[in-house]
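Please open the structure in your viewer and keep the selection tool at hand, since this tour moves from the whole chain to single residues.

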Amino acid sequence: TVAAFHSFRFVIKGSLAGAAVYVAYDQGLLGSGTQGAEALKKARAALPPAIQEWTSYVGWEVRTVQMNTLPPTPKFDFSPSDSWNKGVQTVMSALSVAPTRAREYTVEGWKYVKDLVK
């Protein structure tokens, strides 16, 4: 029964593939470049109304978008000067405490060495 099921699936898939090749040949997609271009024009003209009809039948809402328009650029709330100023402030803050930190680390280091020598 499993083998029969797999055979049936193979026949169905083969039939669908054959039908797709037949439709492509019948529409001129497998012909010359001009025939393919004409078929593409027909498909572009027929596809949006067909999709609109199908989605209205199913009950979905479709937003129509013009094919040759680009989406708007995203709006960024980013200021390079603010970022630069923040970076400069961070570096200057680190440099201003560097002598104090260096002295603290030196004292801790000498204390550690003295404890090791004892």
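The stops below go from the overall fold to one helix after another, and then to a patch on the surface.

Begin by selecting the whole protein chain, which is a predicted model, and colour it by secondary structure: three helices and zero strands should appear, in the order α-α-α when you follow the chain from the N terminus. If you switch to a surface view, the protein chain exposes about 11300 Å², of which carbon and sulfur atoms supply 65%, while buried residues make up 4% of the 118 residues.

Next, colour by pLDDT, for which the average over the protein chain is 79, with 81% of the residues scoring at least 70. Among the elements, α1 has the highest mean pLDDT, 88, and helix α2 (residues 33-58) the lowest, 74.

Now select residues 2-26, which form helix α1, and look at the two end C-alpha atoms: they are 36 Å apart, which agrees with the span of 36 Å expected for 25 residues at 1.5 Å a residue. Moving on past α1, click on G28, whose phi is positive, near 90 degrees.

Finally, select W84, V88, V91, M92 and L95, which together make a nonpolar surface patch of about 530 Å². Which helix holds V91? V91 lies in helix α3, residues 80-117, and is partly exposed, with a relative accessible area of 45%. As a general rule, an α-helix has 3.6 residues a turn, so residues three or four places apart point the same way.

Conventions
Residues numbered from 1 in each chain as written. Predicted model: local features only at pLDDT ≥ 70, side-chain atom pairs only at ≥ 80, totals over all residues. Heavy atoms only, no water. Patch = residues over 30% accessible without salt bridge, like charges linked within 9 Å, V, L, I, M, F, W, Y side chains within 5 Å. Areas by Shrake-Rupley, 256 points an atom, 1.4 Å probe, with all protein chains shown as cover. Salt bridge = Lys/Arg side-chain N within 4 Å of Asp/Glu carboxyl O. Helix = DSSP H or I, 4+ residues; strand = E, 2+ residues; numbered from the N terminus. Buried < 20%, exposed > 50% of the residue type's maximum accessible area, 1.4 Å probe, protein only. Expected span 1.5 Å × (residues − 1). pLDDT = per-residue confidence, 0-100.
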